[in-house]
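Open the model in your viewer and keep the selection tool at hand. The stops below say what to select and what is there.

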Amino acid sequence: MAPHAVEQPIRVLWEGLSGNPRAVLIVGISVTSVITAALVESPATSLILWPLLFISAILAGYHYHEKGIIAATLLGLASLGVGSLRAYPETAAPIFAALLPFVGMIALASIASTLGYSTRERARRREGMVRGAGGAFLLRRKDGAIADANREFAEALGYTHDELKNMPISRIWPCTEDRKRFIAMAEPGEQVAVIETQFLDRNGVSRWFAISGLCLDRATVACRISEITRYKEMEAILNAERSRLFSVLDTLPAYVTLQGEDHMFQFVNRAFRETFGEPEGRPCYMVQQASLVPCDPCRGSLVFSRKIPQQWTWRHSDGRVYEVHAYPFTDTDGSNLMLQLGVEITGRVQTEKALEEFAKNLQAKNQELEMLRDELSTINRDLDAAVRERTADVERLLDQKNEFISQLGHDLKAPLVSLVALMPRILQLEQDPALRRLLGIIGGNVNYMKDLVEKTLKLARMNTSNIELELEALNLRTELNTILRNYTVPFGAKAITVDTSIPAEITVRADRVLLTEVFDNLIANAVRGMPNGTGTISITAARDRGVVIVAVSNTGAGLTRDQFERVFDEVFTADSSHRDLETPGLDLAICRRIVERHGGQVWAWNAGDGSGSAILFALEAAEDV
């Protein structure tokens, strides 16, 4: 049991000393001082004993605080007791002479404990600020440079740890006033200084940080930062929205207020202030009604009691009428408020009264109007009957006109056909040149009259409403080539050239016989407009969004302004002084009737006197055939 009892404390002491050089050093010096006190002849005056005791006391107090002071006291007592019993066994007077160094050793241990605590506390704070989580740096007060910074702070600004070390803080902290105020707040012995400010990162971008600082000593301030850029941006957005909201409220043509249950105003907009003045801590009934007591009943109190919107109207002392919409509202602190929107409806009330008067007058007018409507209905019935009767008369006259023209044409056509057939035979039999010349003139006029009769009959037929078209899809180039074959010989004799430019895929919906009539008349008109009957006729066509546009032009003299405006009249001839006896001049009028019957349009284009003219018409396009 005895060996085990001795072994246990030794083992605990050894485990406490192992891995702790400072403890080994202190214990070693302490054992040395005790051994020295036991060996020296005069321990109270030994130059070796007391420095050893002082060193061990200082080290124990510095590193172990209160425990070190106790250890130094016990060591001093042990050394003092051993030395005194050995050197002065018979008297106690010298013991009191040795108490002075002993007291000094205790004092040195206490001073060392205080100094060690302060030094380690500063080191601990420095370690916590610089090496802890989050951005942190150490700021030198003397030159305003960064003494040290942790990785998070360096990475937040895009720098490395080495780049920030000894960098002037003004380089990344340009806000001079904020910097001076922060350093002034972080005075030694003061509490933690906190400020929100802006730093510049490596790219010169301004970023918001909340920075807190604690002065470790008079030379260094330990700073910790947290980035609040996103919060500042959100704050700016919210402030802008708040300003916009107040701006909107101030521009409303109605008053807006927030009131508590005590009738006091928490907010009023500009329209309210301009109408009723500043509330200045007065309740609503004093500001708006100039009364000393609340309204009875108070409609606003229902908003608080029932928690539902309310609506009412009230009249100001100056005669203005307001319509109020009130809603329950919860403030940011949870208190119950009432949101009021008041709209002046004085004009509307006056208008409603005027409308009531107007409605009465209108009712009387409506009764008079009913009587007039009955009379007008009778007149309209009579007028409709008269219009139908006149329309029937006009249609009957038109039918009679067309019938007369048709009958006249048929009556004239029969003898003219005989004359046309006989005139060549008479010219062949007659030998007298003078008489033959007169007979030629007579024959030309007979042919002219025959063509005039035929074209008049065609025009009359096109004016009737009972004509039916046989519409089909026709290839425009094919139809035109067939028509031009009939003109090969006469055009060759007169030196007339025909230039066609019609794409092969263009087709139209038309009546084949009437389309041929249109081209024949336009070609005849183009020949008639060329000097001496010679020149070039151009025929082109193009398709445009379901419509085919055809143009027939010549190289003739062109049309004058008066001719251009009347060229499609049925009784108009371009040059009445030089009448062409081969054509009667109704070609373009017939073309217009035919194209319009197809649902198309026809018009003239003139390049100017002497530059030729063109007649254009548009027909419905068809699928390619």
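This is a predicted model. Begin in the loop between α11 and α12, and select Pro 297, which belongs to that loop. The peptide bond joining Asp 296 to Pro 297 is cis, with omega at about 5 degrees. Next select Ala 290, which lies in the loop between α11 and α12 as well. Its phi is near 55 degrees, a positive value in a residue other than glycine. Ala 290 counts as exposed because its relative accessibility is 68%. As background, most residues other than glycine have a negative phi, and most peptide bonds are trans.

Now display the second largest pocket. It holds about 380 Å³ of space. Its lining is made up of 23 residues, and those nearest the centre are Cys 284, Cys 295, Cys 298, Arg 299 and Trp 312. To see where the walls come from, colour β6 (255-259), α11 (284-289), α12 (299-306), β8 (310-315) and β10 (336-344); each supplies at least two lining residues. By class, the lining has twelve nonpolar, nine polar and two charged residues.

Stay with the cysteines. How many disulfides does the model have? The count is zero. Cys 284 is in no disulfide, and its nearest cysteine sulfur, that of Cys 298, is 6.1 Å away. A disulfide would need the two sulfur atoms within 2.5 Å. Cys 284 counts as buried, with 13% relative accessibility. Then select Cys 223 and Cys 215. The sulfur of Cys 215 is the closest cysteine sulfur to that of Cys 223, but the two are 9.7 Å apart, which is too far for a bond. Cys 223 is buried too, at a relative accessible area of 0%.

For the next stop, select the five strands of the open sheet, which run in the order β2-β1-β5-β4-β3 with antiparallel pairing. Which strands stand at the edges? They are β2 (146-149) and β3 (193-200); each has a single partner strand, so one side of each is left without a neighbour in the sheet. From one strand to the next, the twist averages 30 degrees. Strands of a sheet pair through backbone hydrogen bonds, either parallel or antiparallel. Zoom in on β3 and β4 (residues 206-215), an antiparallel pair joined by eight bridges. To pick out one position, select Val 194 and its bridge partner in β4, Ser 212.

Move on to Ala 495, in the loop between α16 (488-494) and β12 (496-501). Phi here is near 60 degrees, again positive in a residue other than glycine. Ala 495 is exposed, with a relative accessible area of 53%.

The last stop is enclosed space. Rolling a probe the size of a water molecule over the atoms shows where empty space is left. Over the whole structure, a search finds two cavities of 30 Å³ or more. Select the second largest cavity, which contains about 40 Å³ of space. Its lining consists of Leu 522, Asn 525, Ala 526, Val 552, Ser 553, Asn 554, Ser 613, Ala 614 and Ile 615. At least two of the lining residues come from each of α17 (512-528), β15 (547-554) and β17 (613-620). Which classes of residue make up the lining of this second largest cavity? Five are nonpolar and four are polar, with no charged residues.

Terms used:
Residues numbered from 1 in each chain as written. Predicted model: local features only at pLDDT ≥ 70, side-chain atom pairs only at ≥ 80, totals over all residues. Heavy atoms only, no water. Buried < 20%, exposed > 50% of the residue type's maximum accessible area, 1.4 Å probe, protein only. 1 Å grid on protein atoms, 1.4 Å probe; cavity = no way out; pocket = protein on both sides within 12 Å on 5 of 7 lines; lining within 4 Å. Points joined across faces, edges and corners; volume = space filled by probe spheres on them. Helix = DSSP H or I, 4+ residues; strand = E, 2+ residues; numbered from the N terminus. Nonpolar A, V, L, I, M, F, W, Y, C, P; charged D, E, K, R; others polar. Pairing = 2+ DSSP bridges. Axes fitted to C-alpha atoms, helices over the stretch in contact; angles between N-to-C directions.
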